[in-house]
Amino acid sequence: MKIARWAAVLPAALVVPAFLQPVSLAESARPPKARTVVSLTFDDGDVTHLATARMLEKRGVRGTFYVNTDTIGRDLKLNREQLAAIAKGGHEIGGHTLTHVRLTELTRSQQREQICDDRRTLVAWGYRPATLAYPFGSVDADAEAVARQCGYDAARGVGGLKEWGCPTCPGAEKPRPADRYDIRTPGSVREDTLLRQMRQQVLNAEKTGGLVTMVFHRVCDGCGVYSVSPRTLDGFLGWLVSRKAHGTVVKTLQDAVGARYRPVPGQ
Ligand SMILES: [Zn+2]
């Protein structure tokens with residue numbers, strides 16, 4: 001009693017600061033530890049991606065945009081200024097080869113040209129690309145080795161995680177993927193992918209924790225098989241940010257796997 005009364009008259013300045021309080025008290029004030037990381041990736045430098053980047057920013061999240069430097073500025077593609085505007089918004093810019101080729105059909109030297117020269121161009125444009133996405137998710141041991149030689153620290157495939165087409169696949173990548181040069185994902189989001197299927201891919205990952213990388217292409221209404229409507233994407237984003245209460249956070253793929261920038265060899 002005596003102590004309590006004495007405490008009640010302590011001046012505010014003597015109140016114990018948070019960092020000196022017992023750990024249990026400080027812990028209870030924090031959100032749950034992040035167990036599931038969602039990466040939102042957008043392929044091919046589509047002209048719709050500048051508006052997409054702004055949509056993500058409004059939701060307080062950042063994405064990864066994979067571009068083919070040889071097609072930048074062409075019809076229906078981003079131009080250099082638009083790409084710069086996306087990067088300025090805090091998003092990751094990654095490589096996707098010069099001309100969007102199926103790497104497994106190329107010789108090793110052709111693979112090197114497609115991956116290294118694309119990355120060199122991104123570097124010349126002022127970016128620090130740390131991750132690559134294989135066009136069509138087409139990858140073999142040679143392509144992985146070349147991605148590494150070209151200075152990439154990680155690379156994304158397509159497929160290998162649980163989805164409607166692969167019910168027995170794991171729901172998430174490990175926080176440290178077993179093969180960081182072929183990071184697995186659910187299949188690409190398509191025009192007929194339902195919002196609840198996208199949500200389900202995150203819920204599948206939350207069962208074990210880990211990394212789930214979503215693969216998007218065009219973001220527009222009725223603009224092809226590999227597209228998602230802006231309304232569906234925004235609905236997904238709104239739901240996704242609410243999963244923070246369940247320990248789920250959104251990160252660029254680079255941040256999700258801790259990929260570091262390395263100069264292109266020979267540059
Ligand atoms: Zn692509």
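Me: Why are α5 and α6 called oblique to each other?

Reply: In this predicted model, helix α5 (residues 108-124) and helix α6 (residues 141-149) pack at about 45 degrees. Angles under 35 degrees count as roughly parallel and 65 to 115 as roughly perpendicular, and about 45 degrees fits neither. The pair is therefore oblique. Their axes are 9 Å apart, and the crossing is right-handed.

Me: Which residues make the contact between α5 and α6?

Reply: On the α5 side, R108, Q111, R112 and I115. On the α6 side, D142, A143, A145, V146, A147 and Q149. Sorted by class, that contact has five nonpolar, two polar and three charged residues.

Me: What makes R108, R112 and D142 the charged ones there?

Reply: Asp, Glu, Lys and Arg count as charged, so the two Arg residues of α5, R108 and R112, and the Asp of α6, D142, go in that class.

Me: Now α3 and α8. Why is α3 called roughly parallel to α8?

Reply: The axes of helix α3 (residues 49-58) and helix α8 (residues 230-242) cross at roughly 25 degrees, coming within 10 Å. The cut-off for roughly parallel is under 35 degrees, so α3 counts as roughly parallel to α8. This crossing is right-handed.

Me: What residues meet where α3 and α8 touch?

Reply: T52, M55 and L56 come from α3, while P230, L233, D234 and L237 come from α8. The classes are five nonpolar, one polar and one charged. Asp counts as charged, so D234 is the charged residue of this contact.

Me: How do the axes of α7 and α8 cross, and at what angle?

Reply: Helix α7 (residues 195-208) and α8 cross at roughly 35 degrees, with axes that come within 10 Å. The crossing of α7 and α8 is right-handed. From α7 the contact takes L195, M198, R199, V202 and L203, and from α8 it takes T232, G235, F236, W239 and L240.

Me: What makes G235 a polar residue in that contact?

Reply: The class list puts Gly among the polar residues, so G235 goes there, and T232 does too. The full split for α7 with α8 is seven nonpolar, two polar and one charged.

Me: Last one: what is the volume of the largest pocket, and which residues are closest to its centre?

Reply: Its volume is about 220 Å³. Of the 14 residues lining the largest pocket, F136, V158, S188, H217 and Y226 are the closest to its centre. The lining as a whole divides into four nonpolar, six polar and four charged residues.

Definitions and conventions:
Residues are numbered from 1 along each chain as its sequence is written. This is a predicted model: local features need pLDDT of at least 70, side-chain atom pairs count only at pLDDT 80 or more; totals for chains, interfaces and linings use all residues. Side-chain values use heavy atoms; hydrogens and water are left out. Axes are lines fitted to C-alpha atoms, for helices over the stretch in contact, and angles run from 0 to 180 degrees between N-to-C directions. Helices (H or I, at least four residues) and strands (E, at least two) are DSSP runs, numbered from the N terminus. Angles under 35 degrees count as roughly parallel, over 145 as roughly antiparallel, 65 to 115 as roughly perpendicular and the rest as oblique. A crossing is left-handed if the near helix is turned anticlockwise from the far one by less than a right angle, and right-handed if clockwise. Contact means heavy atoms within 4.5 Å. On a 1 Å grid over the protein atoms alone, a cavity is a set of points where a 1.4 Å probe fits but cannot get out, and a pocket is an open set with protein on both sides within 12 Å along at least five of seven lines; lining residues have an atom within 4 Å of a point. Grid points are joined across faces, edges and corners, and a volume is the space filled by probe spheres set on the points.
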